[in-house]
Amino acid sequence: MFAVLSAFWLVSGIVGLVRQDAAADILISRGLPGALASGMVLAGSVADIVVGAAVVVRPFARLALIAMVAVTLLYLAAATGLAPDLWLDPLGPS
C-alpha cells in the first residue's frame, strides 16, 4: 500500500515538473503572474516528490502521511480559491 501511495505522489510530482508550463498556464489563465504560477507549480511538484519518497522510509512515514493530508487540503483550498468553476467540470473539459 505504501509503495502505491509513494508511486502516486512521485508520478504526480514528476508530471508537474515535466509539464510545468502547461500547469502554470492554468494558474496564469486565472490571473496569477507567470513567475508566481511557475513557482507554485515547482513548489507543488517538489512537495509531491518529497512526501512520495518519504512515505516509504519508515522513520518518516507518519510525518509524510500527515504532510500528504496537509498538501492535499492546501491544493483543494488553493484550487477552490483560484478556479472554483472547475468544480462544475470535475472530469475536465470534453
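The points below concern the buried residue D48 and the helix α1 in a predicted model.

1. On the position of D48: this residue sits in helix α3, which covers residues 34–54. D48 is buried and yet has no salt bridge, the nearest side chain of opposite charge being that of R19, 14 Å away.

2. On the polar partners of D48: although a salt bridge is absent, the side chain of D48 makes a polar contact of 2.8 Å with the side chain of S12, and another polar contact, of 2.7 Å, joins the side chain of D48 to that of Y75.

3. On the wider surroundings of D48: once neighbours within four places in sequence are set aside, the residues in contact with D48 are W9, L10, S12, G13, V71 and Y75. Of these, W9 and G13 also belong to the buried residues of α1.

4. On the geometry of α1: the helix comprises 17 residues, 2–18, and at 1.5 Å a residue it should span 24 Å, which agrees with the 24 Å that separates its end C-alpha atoms.

5. On the two sides of α1: the residues S6, W9, G13 and G16 are buried. Because the buried residues of α1 fall within an arc of 100 degrees when seen down the helix axis, they line one face of the helix. The face turned away from this buried side carries A3, V4, F8 and V18, which are exposed.

6. On what covers α1: the cover over its buried residues includes α2 (20–28), α3 and α4 (61–82), and α3 is the helix in which D48 is placed.

Note on methods: Residues numbered from 1 in each chain as written. Predicted model: local features only at pLDDT ≥ 70, side-chain atom pairs only at ≥ 80, totals over all residues. Heavy atoms only, no water. Helix = DSSP H or I, 4+ residues; strand = E, 2+ residues; numbered from the N terminus. Buried < 20%, exposed > 50% of the residue type's maximum accessible area, 1.4 Å probe, protein only. Lys, Arg positive; Asp, Glu negative; His and termini not counted. Salt bridge = Lys/Arg side-chain N within 4 Å of Asp/Glu carboxyl O. Polar contact = N/O pair within 3.5 Å; in protein donor to acceptor, adjacent residues only side chain to side chain. Contact = heavy atoms within 4.5 Å. Expected span 1.5 Å × (residues − 1). Arc of directions from axis to C-beta.
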